Amino acid sequence: MEKARERTRAIRLAASTALEAAILTVELDGSISDCTDGIGLFPPGGTAPETVDQAIELLGGTRDIKDTVSIVRARAERPEQVREGGGERNLPVVAIPARPGRVEEMRWVTVEARRIEAPDDPMESRSVLVFRDVTEDRRRNDAMERRLALMNRALDRAPFGLVVLDSDGHVRDTNTAFRRLIGGRPVAGMDFTELFVTDDQERLRETLATLSESPGDAPTVAPIDLRLNAEEERIVTIYANRTVVPDRERHGVLIHAIDATERKRLETQFAQSQKMQAVGQLAGGIAHDFNNVLTAIIGFCDLLLQRHQPGDPSFADVMQIQQNANRAAGLTRQLLAFSRQQTIRSRLVDVTDTLAELANLLRRLLGESIELTMVHGRDLWGVRGDRGQLEQVIINLAVNARDAMERGGRLIVQTDNFSSERSYQMREEVMPAGEYVMITVTDTGMGMTPEVLGRIFEPFYTTKEVGQGTGLGLAMVYGSVSQMGGFVVAHSDGPGKGASFSLYLPRARVTAKDAADAAQSGETAELTDDTGGERILLVEDEDAVRLFSARALRSKGYEVTEARTGEIALEILADASFDLLITDMVMPKVDGATLIREARRAMPDLPVICISGYTRESVAKEVAELPKVSFLSKPFSLKQLSTRVRSSLESAHKSA
């Protein structure tokens, strides 16, 4: 009777869970007295297992199932241990084949062992194995774990830094990108603000405090740029958001740190380029008028020198005026080159010869209290560029060094060949591997701080008092060297320890064009007779330039007709013919290009000389397609004017 009741209890248990589990009632001898399969655990259409061993085989014979049955049997043999343990035991999730012979497709089940004891005799107890299918739950959990692992890997390998702070502002966790930003040093538990330079720490504290006090579940604050306290200067943009820190009740902070060093460098370069553009616009606007003035000064000096020969008391004074006017003309060219409005006249330049000829001028500029030493490298390579531009670069560096040595000192100009098999970082630029001619200008002056070194080449930046410097000297050096394809770097060990500027100019190879330029220079040098009697129409709206040019050409025997504007010149051309047209390019209403085109309609073979205070390139765009057109840039001397006139006339006669 009692056995029947126990069997009934087992059947009820099986029935209650038949829809969600497979239940095996196991007798003491290992036989299965009841089997209810509510989850399709056993092969469909087959017979129910009669013994535990048979059930194990039907389930695929996995080790987990065997271990489970062993524990069940051990409980049956030692019921006193089962009672002490609460009468049942849950086992870990185990895997079984989804279908016989398809081990690669698994089902996940939980196995629960239960005992059904007889009231009077524990040895008559039966064991119940309850199998519940948790495959879908397991798959969802596995998918979530894989997704979590993927997200962890993605965040750890993200190109931006991630930092988790606790409510006190201490670092809880970081990702690889942030550890790379700070040089790999351990920061767990550190005060986050200590990772930045002292001057920026207060801004960060204020940001974190604002975030902590802001209402809402996930407030944000505006991003800020901070400098990391590291050996290599880095600027990072910090985005801070409030978040929940695990295992803490209080809110923490999630930090996104983006390396902004390159962006800041580009912003600085853009700001500097805007300054250079502003200087260029200013230079272009005044260049024409300024060169007109210089043309008149230089030209009338030439006329005076025809009457005041060496030995005359006025000769030295006139020479000083002319030399300073020529220097001013060079400054104008350098200003245009610095502003990138003028393409340099690229020629093969011998650095040793250039510096040797410049030495006397440098000694006069430096004065008696400063010793000049030049150390020339052996077998120095040639460079390509404008010789006058290179001279002006050295002069600017020398003047800057002189101002830094108020009590005297020493200036060393040293040259050498420099070959590099790797690239070098030069401020914000990278100097590629190659061959360069290095020119180093070193002084024993007051030196510079790192802050000054960082801004030394900026336009309008100067450490001198108001009225003593424009802030353009070193900026012009930087612009001129860059235009020659070179690089410049400044160095100083600190205040009172002097400074040095190193120029790296690319090595130039001799080309056929260099030989042609040399030959052309030789032909120009052989032209000694610059007189003539041809008819010349001179068109110039600047009275001083026109007056000097007309007097100079008449003194050489030419018949000169003057015109103040393009309209007057057209009227003159309608009634007379000429052997040569000399015209300014920038004039009101009828400009030089228009005048040339109109004149060529009536006289197709008329040679033309264009004169302008702007660059050769701006004129070439307008008249490049026209033959027998040459260019003479302002300011020009009497000799340059007469030589160019004679050369143009001779070329026209040869082609006629």
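Contact means that heavy atoms lie within 4.5 Å. The model treated here is predicted: local features need pLDDT of at least 70, side-chain atom pairs count only at pLDDT 80 or more, and totals for chains, interfaces and linings use all residues. Residues are numbered from 1 along each chain as its sequence is written, and side-chain values use heavy atoms, with hydrogens and water left out.

**Exercise 1.** State which residues V351 touches, and place V351 in its nonpolar core.

*Solution.*
Step 1. Residues up to four places away in sequence are not counted; V351 then touches L380, V383, L390, T415, V437 and I439.
Step 2. A nonpolar core is a set of buried Ala, Val, Leu, Ile, Met, Phe, Trp, Tyr and Cys residues joined through side-chain atoms within 4.5 Å. Buried means under 20% relative accessible area, exposed over 50%, and partly exposed in between (1.4 Å probe, protein chains only).
Step 3. The largest such core has 43 residues, and V351, L362, L397, L411, I439, F457 and L503 touch the most other members.
Step 4. Elements that each supply at least two residues include α10 (351-366), α11 (387-404) and β17 (434-443). Helices (H or I, at least four residues) and strands (E, at least two) are DSSP runs, numbered from the N terminus.
Step 5. The largest share of this core, 8 residues, comes from α11.

**Exercise 2.** Describe how α10 and α11 pack against each other.

*Solution.*
Step 1. Two packed helices are described by the angle between their axes and the distance between the axes.
Step 2. The axes of α10 and α11 come within 10 Å and cross at roughly 35°. Axes are lines fitted to C-alpha atoms, for helices over the stretch in contact, and angles run from 0 to 180 degrees between N-to-C directions.
Step 3. Among the residues that meet are V351, L358 and L362 in α10 and L390, I394 and A398 in α11.
Step 4. By class, this contact has 12 nonpolar, 1 polar and 5 charged residues.

**Exercise 3.** Give the strand order of the open sheet of 5 strands, and the helices on it.

*Solution.*
Step 1. The order is β21-β20-β22-β23-β24, with parallel pairing. Two strands pair if DSSP finds at least two bridges between them.
Step 2. β21 (559-563) and β24 (629-633) are the edge strands, each pairing on one side only.
Step 3. The twist averages 20° from one strand to the next.
Step 4. Between β22 (residues 580-584) and β23 (residues 608-612) there are 4 bridges, and I582 stands opposite I609 in β23.
Step 5. Helix α15 (residues 543-555) packs on the sheet, touching β20 (535-539), β21 and β22. Helix α17 (residues 592-602) lies across β20, β22, β23 and β24, running at about 160° to β22.

Terms used
Ala, Val, Leu, Ile, Met, Phe, Trp, Tyr, Cys and Pro count as nonpolar, Asp, Glu, Lys and Arg as charged, and the others, Gly among them, as polar.
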